[in-house]
Amino acid sequence: MDEKFSYSYSALTEAEKKEIERIKNEYREKDSRQITLEELRKLDAKVKNTPTIVALTLGVIGVLIFGLGMTFVLEWDNSLLGVILGAVGAIVATLAKPLHAILYKRLKARHGKKIIELSEKLIDADREKQN
């Protein structure tokens, strides 16, 4: 009888451990502090990112219109339409910065009270936990 027993063991890699931990955390019940912190982060990102995205989009559109105007002047010898498009593009691109400031101010006013409320709630919960 030439029967041999063979056993091989391989430990989990760090990547596998992280993936398992991530999956486990998705199914774990979240306490109110985690939910509040996530909500706070989402509101903060909304206030900061929305004006930036809108202003960048407007700026890019303005620059493209300006470039189209330059193309009309330089390539297609249509100075009148080129100058008009260039001016419109420059104005649109110039409005991006003030639009960013206005949107940021409005979103900050709209969501500021909620952000402060959530922040104070988290800080108070942390103080109670420490005492």
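Before anything else, a definition: when I speak of a nonpolar patch, I mean residues with over 30% relative accessible area and no salt bridge, whose nonpolar side chains are joined within 5 Å. Please also keep in mind that what you have in front of you is a predicted model.

With that in hand, let me start at the surface, where F66, M70 and L74 form a nonpolar patch that has about 300 Å² of accessible area together. M70, one of these residues, is found in helix α2, which runs over residues 32-74. Its relative accessible area is 41%, and so M70 is partly exposed.

Now to the aromatic side chains, of which the structure holds 1 pair. The pair is made by F72 and W76, and it is edge-to-face because the ring centres are 4.9 Å apart and the planes stand at 85°, where an angle over 60 degrees is what counts as edge-to-face. Are these two residues buried or exposed? F72 is buried, since its relative accessible area is 17%, whereas W76, at 52% relative accessibility, counts as exposed.

Let me move on to helix α3, which covers residues 79-94. This helix has 16 residues and reaches 22 Å from its first C-alpha to its last, which is close to the 22 Å expected at 1.5 Å a residue. Which residues of α3 are buried? They are G82, L85, G86, G89 and V92, and because they cover an arc of only 130° around the axis, they lie on the same side of α3. It may help to recall that an α-helix has 3.6 residues a turn, so residues three or four places apart point the same way. On the face of α3 turned away from that buried side, we find the exposed residues L80, V83, I91 and T94.

Finally, I would like to set out two pairs of residues and their separations. E16 lies in helix α1, residues 14-27, and is partly exposed, with a relative accessible area of 37%. Between E16 and L99, which are 83 residues apart along the chain, the C-alpha atoms are separated by 46 Å. The other pair begins with E39, which has its place in helix α2 and is likewise partly exposed, at a relative accessible area of 31%. How many Å apart in space are E39 and L118, taken C-alpha to C-alpha? The answer is 8.1 Å, although E39 and L118 are 79 residues apart in sequence.

Methods. Residues are numbered from 1 along each chain as its sequence is written. This is a predicted model: local features need pLDDT of at least 70, side-chain atom pairs count only at pLDDT 80 or more; totals for chains, interfaces and linings use all residues. Side-chain values use heavy atoms; hydrogens and water are left out. Patches are made of residues with over 30% relative accessible area and no salt bridge: like charges are joined within 9 Å, nonpolar side chains (Val, Leu, Ile, Met, Phe, Trp, Tyr) within 5 Å. Accessible areas come from the Shrake-Rupley method with a 1.4 Å probe; for residues, only the protein chains shown count as cover. A salt bridge is a side-chain nitrogen of Lys or Arg within 4 Å of a carboxyl oxygen of Asp or Glu. Helices (H or I, at least four residues) and strands (E, at least two) are DSSP runs, numbered from the N terminus. Buried means under 20% relative accessible area, exposed over 50%, partly exposed in between (1.4 Å probe, protein chains only). Rings of Phe, Tyr and Trp (its six-membered ring) pair if their centres lie within 6.5 Å; planes under 30 degrees apart count as stacked, over 60 as edge-to-face and the rest as tilted. The expected span of a helix is 1.5 Å times one less than its number of residues. The arc is that of the directions from the helix axis to the C-beta atoms.
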